[in-house]
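Good morning, and thank you for making time for this item. I should like to take you through one structure, and I ask that you keep the sequence and the coordinates in view as I speak.

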Amino acid sequence: SPFHPLLQALPKCEHHMHIEGALSPDLLFDLASRNDVSLPGNDESFASPSALHNRYKRFTSLDDFLQYYYIGMSVLINESDFEDLAWDYFQKAASGGLAHAELFFDPQAHSGRGVGVSTVVRGFDAARRRAEEELGVSSLLTPCFLRHLPAEDSLSAFRDPVLQQYFASGSLIGVGLDSSEADNPPKLWRAIFEEAGKLGLKKTAHAGEEGPPEYVSEALEELQVDRIDHGVTLARNPTIMKEVARKGVMLSLCPKSNVVLRCVQNIQQVPIRTYLDAGVNFSINSDDPAYFGGYILDNFCEVHEAFDLSLEEWTHICKTAIEGSWCGRARKDELL
Ligand code: HPA
Ligand code: ZN
């Protein structure tokens, strides 16, 4: 498309990117052999990187994907593994015009395997510094808590002194909530969000991905979140949608993710036009790019093909994403 160079050149910010979701099948196999980690022998999908890549084209739900996502993480052991993973992401996303990234990671998925938060954060920080210096890409880091585990597990993970020290130093900017959404209402994690609020941290939660639009209002009211991750089901409830528009809360939409995990049938069904018309703020994000077949520019391109947005609309989307970012005013002004 003649529009492609324009999409490429737009200053892109993403706010919904799980670093563990940038683990490509090639890197997964490299790290498995480097670390002598054995992959499941009873699943043919782990026969080779290309077999795994093909399996990723046939996810049936969020939980079907999550099963592979958590097995994939088992190869991440050393600080350098986390650095390599994040650096691979930064290079690929920067080639598509990424300017600023707000990254999620899942501390409980690593501490549960005996890999401590400091190993993870130090590895990511090394890649983030390099991305800043060599690619001009700024980034922020946010731990997410896993809603398939009991809320008490998340609360003790949140209170981990090592994690708390990273909040205090500003290495970690906020808290998020991810993993299986269905039947895990946001309010169960209220204690974490209350404590995070007292510490002056940013707050966000996955809501309205597979779950109902009521989980979006519940996250806003009970958890006092600053942002909603996904919110694709919000369009089904015009009352809540109008309230989100009125509050100016930003959704971090993930169009390719929603198609691959079958939250929608195709990109056309992501309510991009509905949200533009209703004045709902949103950014466009890759979620788990190595699993969903594309980085941020691929998401921009597919949305453009489906909705034929004007340059004014793209400029508006990018400005909204910059203003909705958690970086300081000075960085926002550089990006605008
Ligand atoms: N939803 C919920 N949990 C996740 C996701 C997602 O899209 N990606 C990684 N963890
Ligand atoms: Zn996500």
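I shall begin with the ligand, continue with an aromatic cluster and one helix, and end with several individual residues.

Please bear in mind throughout that this is a predicted model.

Let us start with ligand 1. Which residues are found around ligand 1? They are H18, L62, F65, L66, Y69, D178, S179, H206, E209, H230, D287 and D288. Three polar contacts deserve to be named. A nitrogen atom of the ligand lies 2.8 Å from a backbone N or O atom of S179. With D287, the partner on the ligand is an oxygen atom, 2.7 Å from an N or O atom of the side chain. With D288, the partner is again on the side chain, where an N or O atom is 2.7 Å from a nitrogen atom of ligand 1. Taken alone, ligand 1 has 260 Å² of accessible area, and the protein covers 100% of it.

One residue of that surrounding set, H230, has a backbone feature of its own. H230 belongs to strand 6, residues 227-230. Its phi is positive, near 85 degrees, and the residue is not a glycine. As background, most residues other than glycine have a negative phi. H230 counts as buried because its relative accessibility is 1%.

A second case of this kind is D183, which sits in the loop between strand 4 and helix 10. D183 also is not a glycine, and its phi is positive at about 65 degrees. Is D183 buried or exposed? It has 68% relative accessibility and therefore counts as exposed.

I turn now to the aromatic residues. Across the whole structure, a search finds 18 aromatic pairs. In one of them, F59 and F65, the ring centres are 5.7 Å apart and the planes stand at 75 degrees, so this pair is edge-to-face. F59 also pairs with Y68, and here the arrangement is tilted, with 6.2 Å from centre to centre and 55 degrees between the planes. What of the burial of these three residues? F59 is buried at 1% relative accessibility, F65 is buried at 2%, and Y68 is buried at 3%. F59, F65 and Y68 belong to one aromatic cluster, whose other members are F46, Y56, Y69, Y70, Y291 and F292. Two members of the cluster, F65 and Y69, also appear among the residues around ligand 1.

The next element is helix 9, residues 161-169. Its buried residues are L163, Y166 and F167. Why do these three fall on the same side of helix 9? They do so because they cover an arc of only 105 degrees around the axis. P161 and A168, on the other side of the helix, are exposed. The buried residues pack against four elements: helix 7, strand 3, helix 8 and strand 4. At the N-terminal end of helix 9, D160 acts as the cap, with a side-chain oxygen 2.8 Å from the backbone nitrogen of V162. Just after the helix comes G170, whose phi is positive at about 85 degrees.

Helix 7, one of those packing partners, contains R128. R128 has a relative accessibility of 15% and so counts as buried. Its side chain makes a polar contact of 2.7 Å with the side chain of D125. Beyond its neighbours within four places in sequence, R128 is in contact with F90, S139, L140, L141 and S171.

Two serines complete the survey. S283 is in strand 8, residues 281-284, and counts as buried because its relative accessibility is 0%. Setting aside neighbours within four places in sequence, its contacts are H15, M250, L251, S252, L253 and A321.

S95, by contrast, counts as exposed because its relative accessibility is 52%. S95 lies in helix 5, residues 79-95, and its side chain reaches the backbone oxygen of K92 at 2.7 Å. How many residues apart along the chain are S95 and Y295? They are 200 residues apart, while their C-alpha atoms are separated by 9.6 Å. Y295 is the last residue on my list, and I am glad to go back to any of these sites on the display.

Notes
Residues are numbered from 1 along each chain as its sequence is written. Chains are lettered from A and ligands numbered from 1 in the order in which they are written. This is a predicted model: local features need pLDDT of at least 70, side-chain atom pairs count only at pLDDT 80 or more; totals for chains, interfaces and linings use all residues. Side-chain values use heavy atoms; hydrogens and water are left out. Buried means under 20% relative accessible area, exposed over 50%, partly exposed in between (1.4 Å probe, protein chains only). Helices (H or I, at least four residues) and strands (E, at least two) are DSSP runs, numbered from the N terminus. The arc is that of the directions from the helix axis to the C-beta atoms. Contact means heavy atoms within 4.5 Å. A polar contact is a pair of N or O atoms within 3.5 Å; within protein, one must be able to donate a hydrogen and the other to accept it, and residues adjacent in sequence count only if both atoms are side-chain atoms. A residue is near a molecule or strand if one of its heavy atoms lies within 4 Å of it. Accessible areas come from the Shrake-Rupley method with a 1.4 Å probe; for residues, only the protein chains shown count as cover. Rings of Phe, Tyr and Trp (its six-membered ring) pair if their centres lie within 6.5 Å; planes under 30 degrees apart count as stacked, over 60 as edge-to-face and the rest as tilted.
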